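Dear colleague,

Please find below the structure that I am handing over to you. A summary of what was found in it follows directly afterwards.

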Number of protein chains: 4
Amino acid sequence: MRREQMIKGAISLFKEKGYHRTTTREIAKASGFSIGTLYEYIRTKEDILYLVCDQIYDEVQEKIKKALHFRHVTKETIKEGLTAYFKIMDDLQDEVLVMYQELKSLPREMLPVVLKKELEMVAIFEDLLKRYFDQNQTNVCDEQIHLYAHNIIVQGQMWGFRRWALRKQYTLEQYTEWQFQQLIRGIDSLGK
Amino acid sequence: MRREQMIKGAISLFKEKGYHRTTTREIAKASGFSIGTLYEYIRTKEDILYLVCDQIYDEVQEKIKKALHFRHVTKETIKEGLTAYFKIMDDLQDEVLVMYQELKSLPREMLPVVLKKELEMVAIFEDLLKRYFDQNQTNVCDEQIHLYAHNIIVQGQMWGFRRWALRKQYTLEQYTEWQFQQLIRGIDSLGK
Amino acid sequence: MRREQMIKGAISLFKEKGYHRTTTREIAKASGFSIGTLYEYIRTKEDILYLVCDQIYDEVQEKIKKALHFRHVTKETIKEGLTAYFKIMDDLQDEVLVMYQELKSLPREMLPVVLKKELEMVAIFEDLLKRYFDQNQTNVCDEQIHLYAHNIIVQGQMWGFRRWALRKQYTLEQYTEWQFQQLIRGIDSLGK
Amino acid sequence: MRREQMIKGAISLFKEKGYHRTTTREIAKASGFSIGTLYEYIRTKEDILYLVCDQIYDEVQEKIKKALHFRHVTKETIKEGLTAYFKIMDDLQDEVLVMYQELKSLPREMLPVVLKKELEMVAIFEDLLKRYFDQNQTNVCDEQIHLYAHNIIVQGQMWGFRRWALRKQYTLEQYTEWQFQQLIRGIDSLGK
DNA sequence: AATGAATGAGGGTTCATTCAT
DNA sequence: AATGAATGAACCCTCATTCAT
């Protein structure tokens, strides 16, 4: 409970002013308890950053996994996957922005834990694409699929990072639609 | 001259430890002059960040523009463009990393100046693609082209940001080759 | 019972890290009860220091008194006295070290109580020497005896304080032997 | 200059309230400059303690060495030596008190440096006694002399540490006189 | 009687910025 | 023009003490 308050408070502050400009006192206050109590839950300020990153990843992953459960994978499934993922990235754009911009402030030993989660997300789409190709009996090498998956993940993040540019030209729906078309055209031409 | 020393010094320090962990003293020292003199050239520490971002953008753009000068645009030209751009992003990956991770630390009023430069880079590839479609007499709507250009730019940055994952699986050449194939397959199927 | 646990716990912690570096939480834990309960027995952290000093003095005194019970005092008795005292100071050297180094942290009003006990210890040896001189019908002024007694006490403490130097050169037995010889030669020449 | 101000300020504060209860801010203020400037001269608070201990030792040693320069050593010389040393310890009693009570707070790596100086002081009196015995053609083993020297040093410190007791009974002159008599009686009886 | 969560004053330390020289 | 000593606000973190349960 306290932990969640703290993480929520921290995220909202990090969104506003970034990790470095946020003080532990502010986080304590935003969390609704004293600085002393804050330090019952963490050892150093960096711990908060880790908890925040970890929590955001978990939230993103949980939402994606809830949205994507597929057996038979068609074009439609892929579109649904993209749509769901981009929607999540839109909902959590502040959180995602925070996370990626502060990753480098994570203590060296915590980084791998977080990066592992990033790869898990890539793996979700890798799996989706693999099933699609299997169903269509298209033979595509793993590296290619892996790269497609990376691209998809990055395109989701990009919607958050580059909103200053993209929002002016596209709604989320349009963005999703275009990206889907570009993707599907690419992978469908693979089979020929 | 002094300015360049300062920017160079700052970049090298930012690469190593990030903007926030770098002190003005260190920047002065790395620049080869005193802290007092440093403050002849800037008003606040943030100014240095701005100068650094600005300079990196200029360097990237300059190199790209030097690499890409085309009249008649073929598949080959596009591949050359991608290759050159990715190469530049590989060469300057530390710089690029620094820049994007510290953008949010820029004072609000300086951000637009920098973002404008980002859009100029998008425009370069937008132009390239437009010419390609014109030459092939394919009719593609501007929004689609714009998005393709964004994707290309982001894929270049991605090579820097996600090197921890991508480097394990691809060389720069392979990465370029795959991305090119995915791109060209997508845009070529547009014409049909 | 609780009190003793607390004092024992505190002493062992003070030995290890000194009074100031030991936290009340640690003392509570080492004592086997909660911080809340700890504060049932004390008002401030300083109280613990007082209890500790007091307890150490009592222990030292008790042991000395148990070791020294004399009617007829000869050279031999004095040697036994020295030996016993030095042995005790050797056994309790950590405790004694703690006590003397933290004395100045005692609240002003508690100091006299503790210093009184120090004087009681001096008095023990004063008494011993007095009896010796009485038995030998040597006339020695009280101040001189008092000073001899102080010197003895300090030589015992010195074995603890200066162990970093003395241990390298002497065993406890050698140290005792030499000090005894120096003492006895001094006081014996008094009679002439 | 600054350094000396700082050390002087620190000593006076340590005398008053001990090392742990003195804040760096107070030291800065007492030194007549700001906390920022203080940290130009030291890296951590412990450094101040080291500088203080070092400085006190140097001062004590310098004074002793200035007072004791002997060729031909007689009883008189020894008395002069004792008198000078005890006088110095009386003058610097606060400093000496500070030093010994805070030694344990010194970082592990600095302790040996300071202890070495303590041994140098012992060596001074060791030398004095050796010369005395040489001159009198008395054969005394080194360990015995070493211990005598230690005793002398400790008796000097004792005058500072136990002033609460000794001052009530002795003036410095009386204390010196008694201690000298006890010493000389002891060592003179060695020759027989 | 016993707990331990909660507090927040206060500690050591850093560093952007200024300004006398 | 150039310096770097000096500043002090502000940071992160600790821990003695309290008090509701």
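Please bear in mind throughout that this is a predicted model.

I begin with the arrangement of the chains. Chain B and chain C are not joined by any contact, and their closest C-alpha atoms lie 30 Å apart. Chain A and chain D likewise have no contact joining them; for this pair the closest C-alpha atoms lie 20 Å apart.

Chains C and D are related by symmetry. Chain D is superposed on chain C by a rotation of 179 degrees with 0.1 Å of shift along the axis, and the RMSD is 0.3 Å. This is the relation of a two-fold axis. Within chain D, D:G186 has the C-alpha nearest that axis, at 2.0 Å from it. Both copies use the same surface, as 98% of the contact residues of chain D recur in chain C.

The next topic is DNA strand E. This strand is surrounded by 31 residues, of which the closest are A:R2, A:R25, B:T24, C:T37 and D:Y39. Of the atoms of DNA strand E that come within 4 Å of the protein, 59% belong to sugar and phosphate.

Three individual approaches to DNA strand E may be of interest at the bench:

- A:R25 places a polar side-chain atom 2.4 Å from a base oxygen of the strand.
- D:R25 has a side-chain N or O atom 3.1 Å from a base nitrogen of the strand.
- B:Y39 has a polar side-chain atom 2.8 Å from a phosphate oxygen of the strand.

Several helices give two or more residues to the surface near DNA strand E: α3 (35-41) of chain A, α2 (24-31) and α3 (35-41) of chain B, α3 (35-41) of chain C, and α2 (24-31) and α3 (35-41) of chain D. The largest share, 4 residues, comes from α3(A). By residue type, the surface near the strand divides into 15 polar, 9 nonpolar and 7 charged residues.

Finally, I draw your attention to one residue of chain B. B:F125 is found in helix α7 (residues 111-136) of that chain. Is B:F125 buried or exposed? Its relative accessible area is 1%, so B:F125 counts as buried, for which the cut-off is under 20%. Leaving aside residues up to four places away in sequence, B:F125 touches B:L68, B:G81, B:L82, B:Y85, B:A149, B:I152 and B:I153. Among these, B:G81 is 44 residues apart from B:F125 along the chain, yet their C-alpha atoms are separated by 8.2 Å.

With kind regards

Definitions and conventions
Residues are numbered from 1 along each chain as its sequence is written. Chains are lettered from A and ligands numbered from 1 in the order in which they are written. This is a predicted model: local features need pLDDT of at least 70, side-chain atom pairs count only at pLDDT 80 or more; totals for chains, interfaces and linings use all residues. Side-chain values use heavy atoms; hydrogens and water are left out. Copies are superposed by least squares on the C-alpha atoms of residues with pLDDT of at least 70 in both. Contact means heavy atoms within 4.5 Å. A residue is near a molecule or strand if one of its heavy atoms lies within 4 Å of it. A polar contact is a pair of N or O atoms within 3.5 Å; within protein, one must be able to donate a hydrogen and the other to accept it, and residues adjacent in sequence count only if both atoms are side-chain atoms. Ala, Val, Leu, Ile, Met, Phe, Trp, Tyr, Cys and Pro count as nonpolar, Asp, Glu, Lys and Arg as charged, and the others, Gly among them, as polar. Buried means under 20% relative accessible area, exposed over 50%, partly exposed in between (1.4 Å probe, protein chains only).
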